[in-house]
Amino acid sequence: GTLECADGVLRAGPPLAGLPPRRAVRGPVPRVAQAAAAVNKAEALATLKPRKATAGGFRRPGAKPSTGLSPALAARIAHEK
């Protein structure tokens, strides 16, 4: 079958979120519902209350000028808020 080399199976995302699978997936691989996994990850991160990154690739980018954006978004990008 097609799952002989698969590491896992992801459900099709938003169109199928919350719906039970109509066809059983055969094979020794985990089946992951993306929406449920995303919610669980968000809940876990909220519980951990991680600090904001101050260095490295995950830190907030430097302030930048912008044009044509809403005042609130322009202020956020310019680090004014």
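This is a short tour of a predicted model, one selection at a time.

**Start with everything**

Show the whole protein as a cartoon and count along: you should find two helices and two strands. Their order along the sequence is β-β-α-α. Now switch on the surface. The accessible area is about 7,300 Å², and carbon and sulfur atoms make up 60% of that. How much of the protein counts as buried? Just 5% of its 81 residues. The contacts tell you something about range, too: of those with a separation of 6 or more, 5% join residues 24 or more positions apart.

**Color by confidence**

Before zooming in, color by pLDDT. The mean for the protein is 79, with 62% of the residues at 70 or more. Where is confidence lowest, and where is it highest? Strand E1, residues 9–10, sits at the bottom with a mean of 64, while H2 takes the top spot at 93. Where pLDDT is low, the coordinates of a prediction should not be read in detail. With that in mind, the next stops are in the helices and the segments that follow them.

**Select 34–48**

This is helix H1, 15 residues in all. Run a distance from its first C-alpha to its last and you get 21 Å, close to the 21 Å expected at 1.5 Å a residue.

**Step on to Lys49**

Just after H1, check the backbone of Lys49: its phi is positive, at about 50°. That is a positive value in a residue other than glycine. Lys49 belongs to the loop between H1 and H2. Buried or exposed? Lys49 counts as exposed, because its relative accessibility is 69%.

**Stay in the loop: Ala53**

Ala53 is another resident of the loop between H1 and H2. Its relative accessibility is 35%, so Ala53 counts as partly exposed. Show the residues around it. Leaving out anything up to four places away in sequence, which residues does Ala53 touch? They are Phe58, Arg59 and Arg60.

**Select 71–77**

Now you are on helix H2, the home of Ile77 and of Ala74. Take Ala74 and look for its partners: setting aside residues up to four places away in sequence, Ala74 touches Ser66 and Leu69. Then draw a line from the C-alpha of Ala74 to that of Lys64. The two are ten residues apart along the chain, and their C-alpha atoms are separated by 8.8 Å.

**A nonpolar patch**

Keep Leu69 selected and add Leu73 and Ile77. On the surface, these three form a nonpolar patch, with about 220 Å² of accessible area together. Ile77 is worth a click by itself: this residue counts as partly exposed because its relative accessibility is 30%.

**Last stop: His79**

Move past the end of H2 to His79, in the segment after that helix. Which sign does the phi of His79 have? The angle is positive, at about 65°, although His79 is not a glycine. With a relative accessible area of 35%, His79 is partly exposed. For a parting view, put Lys49 and His79 on screen together: Lys49 has a phi near 50°, and His79 has one of about 65°. Lys49 comes just after H1, while His79 is placed in the segment after H2.

Definitions and conventions: Residues numbered from 1 in each chain as written. Predicted model: local features only at pLDDT ≥ 70, side-chain atom pairs only at ≥ 80, totals over all residues. Heavy atoms only, no water. Patch = residues over 30% accessible without salt bridge, like charges linked within 9 Å, V, L, I, M, F, W, Y side chains within 5 Å. Areas by Shrake-Rupley, 256 points an atom, 1.4 Å probe, with all protein chains shown as cover. Salt bridge = Lys/Arg side-chain N within 4 Å of Asp/Glu carboxyl O. Helix = DSSP H or I, 4+ residues; strand = E, 2+ residues; numbered from the N terminus. Buried < 20%, exposed > 50% of the residue type's maximum accessible area, 1.4 Å probe, protein only. Contact = heavy atoms within 4.5 Å. Expected span 1.5 Å × (residues − 1). pLDDT = per-residue confidence, 0-100.
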